[in-house]
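Trainee: Please take one part of this model and examine it closely. I should like a formal account of how two helices pack against each other, with the terms defined.

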Amino acid sequence: MNPQDKEFVFELTACQSRLYGYLVTLLGSVHDARDVLQETNLVLWQKIQEFRPGTDFGAWARRCAYFQARAFLRDRKRDRHVFDEELLAILADEEAEQGEREASEERELALRDCLSRLPAKQADLIRDRYMEGSSITEMCDRFGKKESALKMTLMRIRETLLGCMESKLREVTPG
Amino acid sequence: MKEEPREPARCRELLGDLFDGTLSADGRRDLNELLKTDPGARRYYREQARLHADLDLAYAGGGIPLGMPPARETEGSWARAQATGFGQGAVWKLAASVAVLLGLFFAFAIRDRDSVATLVSSEDAAWESELPTALNSRLKPGSLELKQGMATVRFDSGAAVTLEAPARLEILSPMRGRLARGAAIVEAPGSAAGFVMETPSSYAVDHGTKFAIEVSATGQESGFEVLSGEISVHHPGSKQEQRLRKNEAATATERGIVRTESPFTGQYTRATVPALRIGTGGRTQSIIRSGSPTALNPAYLLLKSTVEPENPSERRAFLSFDLSSVRADAFAAARLVFSMVPTGHGLAVHLPSEIRFQVYGIPDAQTPEWGRAWKWEDCPAVSDGQLLGTVTVPRTQQKGKVTIGGDALLEFLKKNQGGPVLFMVVRETKALSSGSLVHAFATDFHPDASGPALEFFLSPEIL
C-alpha cells in the first residue's frame with residue numbers, strides 16, 4: 001500500500017463515527033444512517049483518486065454523504081423516510097456552518113463518563129433501549145411502566161446526558 | 001445564548017417518538033414542519049440526534065441492534081462495486097483492506113447461509129472460542145466456551161440457550177445444540193418445539209418449554225429440570241426415555257436415566273475454591289517500545305498493540321511467581337487470575353469488537369531487575385515464549401476478573417516448578433487506528449483491585 005492509500009484508509013476509518021453522527025442528524029434514523037454510510041463508504045473508495053492527502057477529508061466525506069442521503073430519500077417512497085428533502089437540505093446547511101464538531105474520541109469519553117454517573121435505574125433503561133434494542137412496548141412490560149411515562153423518562157435521561165456532556169466537553173475545549 | 005424551541009413540550013414529545021420508534025405518520029408530518037420553521041427546534045434536534053447516534057454507537061456499534069432487519073450482504077455491495085467498473089488492481093486490493101477495517105468497525109451482520117444462531121446477550125462474559133463472541137455475532141456451527149459471566153445464544157429456530165460460566169456449548173444446527181459441560185437454561189417457543197439439546201450421555205427434546213440442564217465437568221452426568229412445559233429425555237445407550245413435566249427432574253448417567261426428587265441445585269457449577277493461591281510478590285513489570293518511563297505505571301500491567309509494526313506506543317507486560325516451595329505436579333488444574341482495570345488512556349472505538357489476550361510462558365528466562373525500568377530490546381520476545389492460553393473479552397469490558405488456564409499452563413508449571421516462573425502477557429488484538437485503548441491488569445500496587453494470582457486446584461473441574 002503506498003503512503004497516499006494508507007492515509008486514505010486511516011482517514012476513512014477515523015471519520016466513521018463522525019460521519020455516522022452526521023447522517024443520523026440528516027436522516028433522523030440510525031437504520032437509514034447505517035445504510036447510507038455503507039453507500040457513502042463505497043462511493044468514497046471509488047473516488048480514491050480524487051483524494052489529496054492533507055486536504056480536509058472530513059468535509060469531503062460529509063459532502064459525499066449528503067449527496068448519498070439525498071439519493072436515498074429520492075429512491076425511497078415518501079412514506080418510508082422520516083424527513084423530506086427540503087428539511088435534509090436545511091439540516092445539511094446548518095451542519096456545514098457548524099463545521100467539524102468535537103473529536104469523536106472526546107465525545108465518546110464524555111458520554112462514557114456521563115453514563116457512569118446515571119442512577120442505576122436510569123442506566124438500565126438506556127442500556128435496554130440501546131444495547132438490547134428493545135422496543136418501547138417490550139420495555140413497558142419489562143419495567144412495568146406506562147408508555148407515556150417511559151418515553152418521558154427516556155427523554156429526561158437524554159437531556160441529563162446532554163447537559164452533562166456539554167459541561168464535560170467545555171472542560172476539554174475552554175471558550 | 002442558545003436558541004430554544006418555540007413549543008418545547010411538543011418538540012420534546014415528537015423527538016421522543018422519533019428516537020424511541022413510535023412516531024406516527026401524522027407525527028412525522030408535524031416534525032418535518034416544526035423543524036423547517038423553527039430554528040430553535042432544529043438546534044435542539046441536532047443535539048439530541050447526535051446523542052442518539054453516540055448512544056447507538058456506544059452500545060450497539062459492535063453489531064446490529066436486535067430487531068433490526070439484516071444488513072445488506074457484503075457480497076452484494078461488492079457485486080455492485082464491480083458492476084460500476086470499480087475493482088481493478090491496486091485499488092481493488094485497497095478496497096478490500098478498507099472493507100476489512102470498516103467491517104471490523106461496524107461488524108455488520110452478514111446473514112450468510114451457514115450461520116444458524118446469534119449471540120444475543122452477554123453479561124460480564126469472557127470466552128475461549130473459535131466462533132465470534134461480540135454481541136449480536138452470527139454463529140456458524142462450532143463451539144463456544146464461556147469462561148466467565150453469562151451469555152445467551154438464540155438459535156434461528158427461536159430456541160434461546162442461556163449459559164452460565166464455566167460452560168461449553170456446541171452449536172450444531174438451528175434445531176440442535178450440545179452442552180458439553182456446565183449449566184444452561186433452554187427456552188424454546190412454539191416455533192422451536194422439537195429443539196434438541198444433547199449432552200455427552202443423553203439428549204432432551206423440547207416440547208415448547210423452558211428447562212434447566214447441567215452437565216458435570218467429566219461429562220458423565222447430566223441433570224434436567226423442567227421449569228415450565230414438558231420435555232423428553234432420551235438415553236441412547238440404554239434406549240430409555242423419560243417424559244418430564246413442570247418441576248420434575250432427572251439425571252442421566254452412562255448407565256441410564258434416574259428420576260430425581262431434588263430440584264436443580266447447580267451442583268456441578270458451584271465455584272471451586274483453589275487449594276493454593278500465590279501472588280507475584282510485586283514482581284510485575286510493563287514495557288513500552290518507545291522506552292518512555294512516564295507512559296508506564298507500576299500499578300498496571302499495560303497492554304497495547306497496533307496494526308502498525310513497531311509502533312512506539314506498543315506495550316506488553318511480565319509477571320513472575322515463585323514456585324520454589326510449590327509442587328505443581330500435585331495439582332490437577334491451574335489458572336492465572338487477573339483483575340482488569342481501566343487506564344483512562346485511549347478509546348475502545350479504535351479496536352475490533354473482541355479483544356484477545358495471550359499469556360506466554362518464558363522458560364529459563366533471565367530478566368532485568370524487578371522494579372527498575374526495563375528496556376524493550378532487553379526483554380524476552382513472543383518468539384522466546386510458549387503460548388499457554390488466551391482469553392477473549394468484549395472491547396467495552398475494562399473491569400472484572402479474567403482467567404487463563406488449561407493443560408498447557410499446568411504442564412509449563414510442572415516443568416518449571418522449584419523456581420521462579422516468568423509469564424509474558426500481550427494483547428493479540430491490534431488497534432485499527434491511533435488513539436486506541438490501553439488495556440491493563442492490576443498489579444499488587446493497584447490501590448483497589450487485586451494483583452495477579454496463580455491458583456492451583458485438586459480437581460480438574462474448574463477448567
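Mentor: The account below treats one helix pair in detail and then turns to other parts for context.

This is a predicted model, in which local features need pLDDT of at least 70 and side-chain atom pairs count only at pLDDT 80 or more, while totals for chains, interfaces and linings use all residues. Residues are numbered from 1 along each chain as its sequence is written, and chains are lettered from A and ligands numbered from 1 in the order in which they are written.

The pair in question is helix 1 (residues 8-19) and helix 2 (residues 25-37) of chain B, whose axes lie 10 Å apart at an angle of about 125°. Helices (H or I, at least four residues) and strands (E, at least two) are DSSP runs numbered from the N terminus. Axes are lines fitted to C-alpha atoms, for helices over the stretch in contact, and angles run from 0 to 180 degrees between N-to-C directions. That angle makes helix 1 of chain B oblique to helix 2 of chain B; angles under 35 degrees count as roughly parallel, over 145 as roughly antiparallel, 65 to 115 as roughly perpendicular and the rest as oblique. The crossing of these two helices of chain B is left-handed, that is, the near helix is turned anticlockwise from the far one by less than a right angle, clockwise being right-handed.

Helix 1 of chain B contributes B:Cys11, B:Leu14, B:Asp17 and B:Leu18 to the contact, and helix 2 of chain B contributes B:Gly27, B:Asp30, B:Leu31 and B:Leu34. Contact requires C-beta atoms, placed from the backbone, within 7 Å. These residues divide into 5 nonpolar, 1 polar and 2 charged, where Ala, Val, Leu, Ile, Met, Phe, Trp, Tyr, Cys and Pro count as nonpolar, Asp, Glu, Lys and Arg as charged, and the others, Gly among them, as polar.

Elsewhere in chain B, B:Met424 sits in strand 22 (residues 420-427). B:Met424 counts as buried because it has 23 C-beta neighbours inside 10 Å; the cut-off is 20 or more other C-beta atoms within 10 Å, with exposed at 12 or fewer and partly exposed in between. Not counting residues up to four places away in sequence, B:Met424 touches B:Arg316, B:Phe318, B:Tyr360, B:Ile362, B:Pro380 and B:Gly385.

Chain A comes to 9 helices and 0 strands, and 37% of its 175 residues count as buried.

Methods. Two residues are in contact if their C-beta atoms, placed from the backbone, lie within 7 Å.
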